[in-house]
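Reader: I am new to this structure and should like to be guided through it by questions. May we begin with the ligand and then turn to the sheets and the aromatic rings?

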Amino acid sequence: MSTAMSHGTVIVGAGQAGHTTAMQLRAAGYEAPVTVIGDEPAAPYQRPPLSKRYLLREVQPEHLALGGRARGPQIDLRTGERVARIDVDRRLVVSDAGTSFRYDHLVLATGTRARRLPEALVGGLAGVHVLRTLADADTLAGALDDAKSVLVLGGGFIGLEFAAVAARLGRRVTVVERNRVLGRVVSEQAAEHIRSVHLGNGVEFVEGRELASFDGVDGRVTAGVMTDGTRIEADLVLVGIGAEPVAELAADAGLDVDNGITVDELGRTSAPGVYAIGDCANFAWRGGRRRLESVQNAEFMAKAAAAHIAGRETPPRPAPWFWSDQYDVKLQIVGLLDESDTVVTRKAEDGNGFSLWHYRGDDLVAVEALNDPGAFLTARRLMDRGVSPAQHTVADESLGIRDIAAQALEATS
Ligand code: FAD
């Protein structure tokens, strides 16, 4: 590839997706300039430990770094710099420091931001937190040291992982969820199991009810007040009510935006040479659209965009997968649960966990594994090949998981 007169690739966002794109461009032999601009002060880091081992102080900040040494020309990593606007006609990116960057290809990897409660509800009280960045995690770790009772608003992954950490640290924890815990993301059976583990660790749940306001003393939160008037004492509140795609740059530049930046299978936006990947991207898939918030999606989309920019063959999209750690439970999910109509349960071979195999008709659409990594890995392998084991074989616990996979692969070969 010729680098003469090339402006190369500018990547906005130095998170999982942005960092991986830069690495993958070099791995694909791309030699033109690569600039990564990120508004956080830290070098690219992993977010998953922030709600897990980092808060337990089992992991130090330097262990969070997203590693890898890129071959080829150096990548220009600019941290602590925010991109203020993009001009897709002139192929120009302008940072809030006033610096302009020209590009041949632009990759938007701006992620999501934590959704916050309306200010009128929080009333300016201290002690109400969100968890998205390393800075948030450091603030929370300090707040946890001083806290006695914790209210977690929202029973999604981040809320429950934080609840598990706080319970482990001996805090009194109440989770408030207006529907059911993990309602959007895991099956009822898996949610019930995780809920029971939390109950066993002393966490209380207030479900199907809404928070109305907070009480505070001297500007600090002291309790959450439910719409029915119930008070939940808390000197620390974590708001875990989801995340919103960061899509303003794209919207202001006239790109199509709808629940994230709209892209095709390759991550291309509606503007020439401009890609959007990771949490901020709403991509075309199986005749519909999806926006996923996961490390695997960020990495896959980064790889696909980098291959396309470098003129290489793009990889096919694997089945989506995700994990969550709470106490000693490792939950791993492959596939998409909203497509399921039947579920088959199977005990783990070591007897300590189980898996839930979700089907739509005869097609395997998702598997949830709870402390059953063997089932998860087998399911991933099968789903990536579009192979569905017969339900009766999965239900038959006299058969090993490898035998089931072998039978299914043979039947389709
Ligand atoms: P991000 O990692 O958010 O990176 C985007 C970056 O762009 C940010 O640094 C942002 O500040 C920056 N940016 C935005 N706008 C601009 C601008 N204008 N100029 C410059 N920079 C900008 N996923 C899993 O699969 N498993 C897990 O267990 C898991 N646990 C998680 C726990 C926590 C606490 C959190 C917050 C997330 C977790 N995730 C997990 C999700 C996973 O971390 C995300 O899916 C992944 O980080 C997405 O990568 P990304 O690059 O798209 O976005």
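Reader: Which of the 32 residues around the ligand come nearest?

Author: The model is a predicted one. A residue belongs to the surroundings of the ligand if one of its heavy atoms lies within 4 Å of it. There are 32 such residues, and those that come nearest are D39, E40, K52, R132 and D279.

Reader: How far is an oxygen atom of the ligand from an N or O atom in the side chain of E40?

Author: A polar contact requires a pair of N or O atoms within 3.5 Å. Backbone N or O atoms supply such pairs with ligand oxygen atoms at Q16, at 3.2 Å, and at V295, at 3.0 Å. For E40 the protein atom belongs to the side chain, and its distance from a ligand oxygen is 2.5 Å.

Reader: What share of the accessible area of the ligand does the protein cover?

Author: On its own, the ligand has 1,000 Å² of accessible area. Elements giving two or more residues to the shell around it are α1 (16-27), α7 (295-309) and β22 (321-326). By class, the shell residues comprise 14 nonpolar, nine polar and nine charged. The part of the ligand's area covered by the protein is 95%.

Reader: Which are the edge strands of the open sheet β18-β20-β21?

Author: This sheet has three strands and mixed pairing, with a twist that averages 30° from one strand to the next. Strand β20 (residues 281-285) pairs with β18 in the parallel sense over three bridges, and A281 is the bridge partner of I261. The strands that pair on one side only are β18 (261-263) and β21 (288-290).

Reader: In the open sheet β4-β5-β6, which residue in β6 stands opposite L92?

Author: The pairing in this three-stranded sheet is antiparallel, and its edge strands are β4 (83-87) and β6 (100-102). Neighbouring strands are turned by 20° against each other on average, direction ignored. Strand β5 (residues 92-95) is joined to β6 by three bridges. Opposite L92, in β6, stands R102.

Reader: How many residues apart in sequence are the parts that the pair of W321 and F376 ties together?

Author: The structure holds five aromatic pairs. One of them, formed by W321 and F376, has its ring centres 6.0 Å apart and 75° between the planes; planes over 60 degrees apart count as edge-to-face. Because W321 lies in strand β22 and F376 in helix α8 (residues 373-384), the pair ties together parts whose separation in sequence is 55 residues.

Key. Residues are numbered from 1 along each chain as its sequence is written. This is a predicted model: local features need pLDDT of at least 70, side-chain atom pairs count only at pLDDT 80 or more; totals for chains, interfaces and linings use all residues. Side-chain values use heavy atoms; hydrogens and water are left out. A polar contact is a pair of N or O atoms within 3.5 Å; within protein, one must be able to donate a hydrogen and the other to accept it, and residues adjacent in sequence count only if both atoms are side-chain atoms. Accessible areas come from the Shrake-Rupley method with a 1.4 Å probe; for residues, only the protein chains shown count as cover. Helices (H or I, at least four residues) and strands (E, at least two) are DSSP runs, numbered from the N terminus. Ala, Val, Leu, Ile, Met, Phe, Trp, Tyr, Cys and Pro count as nonpolar, Asp, Glu, Lys and Arg as charged, and the others, Gly among them, as polar. Two strands pair if DSSP finds at least two bridges between them. Axes are lines fitted to C-alpha atoms, for helices over the stretch in contact, and angles run from 0 to 180 degrees between N-to-C directions. Rings of Phe, Tyr and Trp (its six-membered ring) pair if their centres lie within 6.5 Å; planes under 30 degrees apart count as stacked, over 60 as edge-to-face and the rest as tilted.
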